[in-house]
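Welcome! Please take a moment to look over the sequence and the 3D view before reading on.

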Amino acid sequence: MACLESGVACGQEGTASAEPAQGRIPGALARKSSLVRGLGAAQRLAQGIRGVKISSAEHANEGKQLDIEFEDQTAHRFPAACMKGFTPSDMASGCQSKAVSDSGKFTAETARLSEEGSKLMLRFRRFAQNAVSELYSATMLHAIAPCSQLSARPKAPSSSESSFNRSGLNMARIPLARGMSTSRSILGQTRGMKVVAARPVNDGKQVDIEFADGSDFRFHAEWIKDSHPNLTGNDYYRKSAKTLFESDQYSVDTVKPSSDGSKIQVHFKNGDASNMVTEEYVSTWLHAFAPFVGSPLNEKAKPKLNGSTLPGTGSLLEDLYRNRKPWDSSLDMPRFDGQQMLQDESMQLEFLERMMDPGVAVITNVGKPRSLAHADCGEPLEDFVSQIIGRLNQHPVRATRFGVIHTQARGEQAGADYDQNNPLSMHTDHSVYHGTPGYLQFMYQARGSVRSKVCDGLAVAEYLRQHHPEDFNLLCGVTLTHSSRNSIYARNGAYRRDAHDAEGFSFELVHTHPILTLDKEGLLEKVVQSETKRGVSALPFDLYDRYMKAYKRWTLLVEEDRFKCNFDWPEHSMVVMNNWRVLHGRAEVPSGEERTMVFAYVMKTIYENRHRILKQRQAERRNPEVNDKWLTRLPNQVLTY
């Protein structure tokens, strides 16, 4: 293996383990490190240093470097490409030379610490391909870090974003660095959030609190009193509406930080002594709220709102959304093992975040249906999703929360949309439903193995924005109508094909919208596209020719091979897509193959709030002092600040 610059080791023989047994480093890995500027790193590794932990990790210079801070307050910068070339998986596979030659093509995308800080999971991205993950031991990184030329963590210099021209798409429009999950927030690393001083001011109506990071804020005493979780019950609801009219009657008498600064005790008084009460507050919780509710008292105290209010509910996935990266035919599809995911909340989090970017994944080993009867063949999908995310979206008429498509003629009888011999253009689902409620789409292969295709609507939209801006603006600004009359269900919710003489129940759906919906910042929020469900649109006379030219260009682009990713879809596995971003087409069914596919949807709010509670539980495990009492009821923006 070629030498690794700035504190990462090199070597030619042996294999490495990401996690040393019983706190010690294998001799083979220690021998590799001996090649780095003498024997210092090797000696530290061979000594099996115990208890070394990482307190924070974040990328620098567009992901080309990693800044890692250890709990002993040392901080070092590592070249990301070299760390990729030094991965234990590459050494164990014997592919060192290829790993070295390829490593320079990778940049760091995300860094996630284990709960106790003993391991670091890094995700690397290679151009438009999906990221790959590698696990590192904190002990190993700490041992080789002092060999680094970049010992102190310098500020990353600004540089222009690079561009990537595969598929003709200039990637410079899309930020290269994804928001790091290890950022210092109440859900991430909390260094610098302890209280160093606090005192009541203005006759106890406000409290000044100084934190270890040097920031100093003034809080309303009423807000502090009103916000304490003791006012809520086990159901997290407020115990009484009366406290709304009582909190302003209290003033703060004394404030006392704990010896380590992790908590403060606030003594409130309200007239006679019987009304006095002392409440304890977690410092990280106060620090998270300070930029939103506090008045800054020094330059290090940066207000978040500047007199305004929160713009809305927001999402813990906001950073991922803002930093999505377009992909093309070269996408390496993310894959997860379903049974392992059911047992691993960290994997569930990873999956949910992959649904934001790249917006598509395959989950294998979901389970085998008991039979191919309608209720039975959808059971593995519904059971799995209910444990990972929550309840599926309910169809307006169908009795089950999932639909079933078969290859046999009975599918053709249900309509062209259900006939798998009828090719479908690339499309998103729920185009006829107002607001497009199906945010995540699940498609489970109950019987048969096929090959299918997906397309990144973000990539095609950005291509149009760059190369055909007039067409892009028309698709964003002019509304089109999708509509249908659904007559395939009986009144009892069964498919009419299976309901014999049951009375039919038809219903209408209509949705008028732009093909491309942008958010207030101009980022693509949603793609709604289904040519087979396109209704009769009221296009203005003067816009008709230009709009139809733009729409036809869009419809052809999503079918081009450069934008379509083809993938294998085995039996008893599931394809999951972000239906607001990813388009899909009809799968290729081998000749003579019998196929049964089950489909279902989850709404955006269900998805986002499941991600929220998993992030909260992750933070609770990392720091038991910040438990559910403190993390529940907080705005998303406060949780992620």
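The report below starts with the whole chain and then visits a few helices and single residues.

## The whole chain

Please keep in mind that this is a predicted model. The protein chain holds 20 helices and 26 strands. Of its 641 residues, 53% are buried.

How do the contacts spread along the sequence? Taking the contacts in the protein chain with a separation of 6 or more, 70% are between residues 24 or more positions apart.

## Helix α8, an enclosed helix

A good place to begin is helix α8, which covers residues 283-293. Because 10 of its 11 residues are buried, α8 is largely enclosed by the rest of the structure.

If you would like to find these buried residues in the view, look for S283, T284, W285, L286 and H287, followed by A288, F289, A290, P291 and F292.

## Helix α15 and its surroundings

Next comes helix α15, residues 457-467, which is mostly covered, with nine of its 11 residues buried. The buried residues here are G457, L458, A459, V460, A461, E462, Y463, L464 and R465.

What do the buried residues of α15 pack against? Their partners include two helices, α16 and α17. They also pack against the strands β18 (450-456), β21 (516-518), β22 (524-527) and β25 (582-584). At the N-terminal end, α15 is capped by D456, which places a side-chain oxygen 3.1 Å from the backbone nitrogen of L458.

## Where α16 meets α17

Two packed helices are described by the angle between their axes and the distance between the axes. For helix α16 (residues 469-477) and helix α17 (residues 541-557), the axes come within 9 Å and cross at roughly 100°. Angles of 65 to 115 degrees count as roughly perpendicular, so α16 is roughly perpendicular to α17.

On the α16 side, the contact is made by E470, D471, L474 and L475. On the α17 side, the residues are L543, R546, Y547, A550, Y551, R553 and W554. Sorted by type, the residues of this contact are seven nonpolar and four charged, with no polar ones.

## Two buried strand residues

Let us now look at F70, which sits in strand β2 (residues 65-70). Is F70 buried or exposed? Its relative accessible area is 0%, so F70 is buried. Beyond its neighbours within four places in sequence, F70 is in contact with V52, K53, I54, S55, H76, A138, L141, H142 and A145. F70 and T139 are 69 residues apart in sequence, while their C-alpha atoms are 9.9 Å apart in space.

Our second stop is Q441, part of strand β17 (residues 440-447). Q441 counts as buried because its relative accessibility is 1%, and buried means under 20%. Which side chain does Q441 join through a polar contact of 2.6 Å? The partner is the side chain of D429. Leaving out residues up to four places away in sequence, Q441 touches D429, V575, V576, M577, N579, H584, A600 and Y601.

## A word on cysteines

How many disulfides does a search of the whole structure find? The result is zero. Two cysteines can still be placed for you: C377 is buried, with a relative accessible area of 0%, and C565 is buried too, with a relative accessible area of 2%.

Methods:
Residues are numbered from 1 along each chain as its sequence is written. This is a predicted model: local features need pLDDT of at least 70, side-chain atom pairs count only at pLDDT 80 or more; totals for chains, interfaces and linings use all residues. Side-chain values use heavy atoms; hydrogens and water are left out. Buried means under 20% relative accessible area, exposed over 50%, partly exposed in between (1.4 Å probe, protein chains only). Helices (H or I, at least four residues) and strands (E, at least two) are DSSP runs, numbered from the N terminus. A polar contact is a pair of N or O atoms within 3.5 Å; within protein, one must be able to donate a hydrogen and the other to accept it, and residues adjacent in sequence count only if both atoms are side-chain atoms. Contact means heavy atoms within 4.5 Å. A disulfide is a pair of cysteine sulfur atoms within 2.5 Å. Axes are lines fitted to C-alpha atoms, for helices over the stretch in contact, and angles run from 0 to 180 degrees between N-to-C directions. Angles under 35 degrees count as roughly parallel, over 145 as roughly antiparallel, 65 to 115 as roughly perpendicular and the rest as oblique. Ala, Val, Leu, Ile, Met, Phe, Trp, Tyr, Cys and Pro count as nonpolar, Asp, Glu, Lys and Arg as charged, and the others, Gly among them, as polar.
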